[in-house]
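Me: I am new to this structure and would like a close look at a single part of it. Please set that part in its surroundings as well.

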Amino acid sequence: MGRQASKHNCMEPAAVHTGSTSAMGSLHAGGHVALGSEEATEIVVPGKDHTDGLPTLGRRAQKLPAIDHAIAEPSEALPAGRLSDAELKELWELLFGLAPDEDDVLRWMQSAFVFVGNHGTAGDGESLPCPWGLRQDVGGPCGVLASVQAFIVRELLWGTESGAFPRTPSATSTASTEFGTDVDSDSGASASMLSTPRTSTPARVEETGHHGRSSAKGSCEQHLANRFAQAGEGALLACALARMLHTAATVSTYIWAEVHSRTDVTTHHFKSAHSLQQWLASKDGIGVLPCPVLSFVCSIMLTRGLNVVRTDMDDASVPLVGLFGHCSQDLTNLCLTGCATTNVFDGDMTFEEGGDALKLRGISRRPEIGFFSALEPLRFCEVGKLFKQPRYPLWVVGSATHYTLLFSGECSASHSRAAVLPQDAAADAEALCPCCGGNISEGSESAASLRLLYFNGRDFGAEKPTLVPVELQVPCARPVGEQTPLGTLLSSDQDDRIFAEVLRCRWPEAKVTYPGFGNSPNKARGPPRLS
């Protein structure tokens, strides 16, 4: 997985950069952060055109078919170009280094976005259905695939207006807790509803049973499957990729790098993320492009700008793809936050000795997708609160060798009274939950239960993609000033207790259980694998 041990990542603050604006990514103009159009919480960089909003399936009423048949409206693409030898050299050195192993590069070139479908999971009774999952069948790009997977799940759960998954806390209900209660699920939302504006009316909270759980316990995975079937593979993937490039872009110029070989990269330029989304969903887009995963990585690098990417990193001499072709934390962070930083702590850290100073940049804003590290229980790093409490309840989980995804259908999973926001113009926008409209720092301090879903797309030999439930019982919040005891100190990420300890880094002292499901509801299950 690359560099992840003592340094973890950041999201770039909205600051002003100046310089030239070539396709290879010199520094662009940036600026302050303002409220935008998506539920009045979208963060807009003034360097972008005001019409360049975040891509979403909710802005299109019709359903697009599968990848190889997807048809989109004509896109506003600028004339295609081709990277020169000098530009290719600069791109490949930043990505793979000066002397990469050719087998590592080949695996990246062969990697593709392939959905699990209806028959691609682990054996009967070992996994919930996850047709929307992305297979990870080669070593190396798992950090990129897990990040794209997170944006896909975000889109399926909350990317459309009335089709959004309504497992959100009611603003007026006393039944909801800091970690939420279930609500009605309209898992059968039709495609014709996708363009209907979402109202601000709080979701109705069901009467709950034991531990405050709803009877609609399995509706999150059912909703995901239904929405995936409605959206179509091509439209969904195009939306997720365009949204990730929108997060990374500092101006309204988007570059898609169509990688054919190490010496042949065609570039397509777009004036908005929506026009890029349309092109990717078209019959000439992502479904037929060669080297799709590597093309996306090059695209997000070029869209952000190679000079900006170097500035993001603590050490730009270290490539984004590490030893054995593993995805570095810097590259994972570029996919998750739009900023290729190496650290996951909050804010910046400066170390001074004599007249020398070393500044390490951390997260300054709540990202849409969070991050957990299996190295935190080992005391090798500490993930900051901003990554632990993202805008949506989705977390990429990084271990020493692999990246996976943990998420919840209950947006209150990312709410907390302990939420800490940066003191800048974005704070008001980020304090509002984009799922329910509530304040993320408002929640009960009473005990709560929480149901999570854990997806591992690994598809090597006997290992198949799996989706399994995980349940938490979170105790009452400790009184102010009373310190939470440290979790169990583990000596290896191969310890069976590592999964639960990763979760306790976010939910201290929580009881973690692994319930049965499907035809074996009473079957005793162990913790899922992180590798």
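How many of the residues of helix H9 (residues 329-337) are buried?

Reply: The model is a predicted one, and what follows is computed from it. In helix H9, 9 of its 9 residues are buried, and the helix is described as mostly covered. Going along the helix, the buried residues are Gln-329, Asp-330, Leu-331, Thr-332, Asn-333, Leu-334, Cys-335, Leu-336 and Thr-337. After H9 comes Gly-338, which has a positive phi, near 85°.

One residue of the helix leads on to the interior. Cys-335 is in contact with Phe-296. Neighbours within four places in sequence aside, Phe-296 also touches Phe-113, Val-144, Val-148, Leu-241, Met-244, Leu-245 and Trp-256. Phe-296 is, with Trp-256 and Phe-407, among the residues that have the most contacts inside the largest nonpolar core, a set of 127 residues. The largest share of this core comes from helix H3 (residues 142-158), which supplies 12 residues.

Trp-256 falls within the range of strand E4 (residues 254-261). This strand is mostly covered too, with 6 of its 8 residues buried. E4 runs antiparallel to strand E5 (residues 264-270), and 7 bridges join the two. One of the pairings is between Ala-257 and Thr-267, the latter in E5. The two strands make a hairpin, with 2 residues between them.

For the wider setting, the protein chain has 12 helices and 13 strands. Of its 531 residues, 58% are buried. Among contacts with a separation of 6 or more, 72% are between residues 24 or more positions apart. The chain exposes about 20,400 Å², and carbon and sulfur atoms supply 53% of that area.

Charged side chains form another set of links. Side chains of opposite charge can pair when their charged atoms come close. The whole structure holds 19 salt bridges. One of them joins Arg-361 to Asp-312, with 3.7 Å between the closest N and O atoms. Arg-361 is in the loop between strand E7 (356-360) and strand E8 (370-373), while Asp-312 is in helix H8 (residues 306-312), so the pair ties together parts that are 49 residues apart in sequence. Both partners are covered: Arg-361 is buried at a relative accessible area of 16%, and Asp-312 is buried at 1%.

A second salt bridge sits within one helix. Asp-104 pairs with Arg-107, and their closest N and O atoms are 2.8 Å apart. Both residues lie in helix H2 (residues 102-110), 3 residues apart, about one turn of the helix. An α-helix has 3.6 residues a turn, so residues three or four places apart point the same way. Here Asp-104 is buried, with a relative accessible area of 12%, whereas Arg-107 counts as partly exposed at 24%.

A third example is the salt bridge between the side chains of Glu-463 and Arg-458, at 2.7 Å from N to O. Glu-463 is partly exposed, with 26% relative accessibility. Elsewhere among the salt bridges, shared partners join Arg-135, Asp-459 and Lys-464 into one network.

To return to the part asked about, H9 has 9 of its 9 residues buried, and Cys-335 in this helix contacts Phe-296, one of the residues with the most contacts inside the largest nonpolar core.

Note on methods
Residues are numbered from 1 along each chain as its sequence is written. This is a predicted model: local features need pLDDT of at least 70, side-chain atom pairs count only at pLDDT 80 or more; totals for chains, interfaces and linings use all residues. Side-chain values use heavy atoms; hydrogens and water are left out. A nonpolar core is a set of buried Ala, Val, Leu, Ile, Met, Phe, Trp, Tyr and Cys residues joined through side-chain atoms within 4.5 Å. Buried means under 20% relative accessible area, exposed over 50%, partly exposed in between (1.4 Å probe, protein chains only). Helices (H or I, at least four residues) and strands (E, at least two) are DSSP runs, numbered from the N terminus. Contact means heavy atoms within 4.5 Å. Accessible areas come from the Shrake-Rupley method with a 1.4 Å probe; for residues, only the protein chains shown count as cover. A salt bridge is a side-chain nitrogen of Lys or Arg within 4 Å of a carboxyl oxygen of Asp or Glu. Two strands pair if DSSP finds at least two bridges between them.
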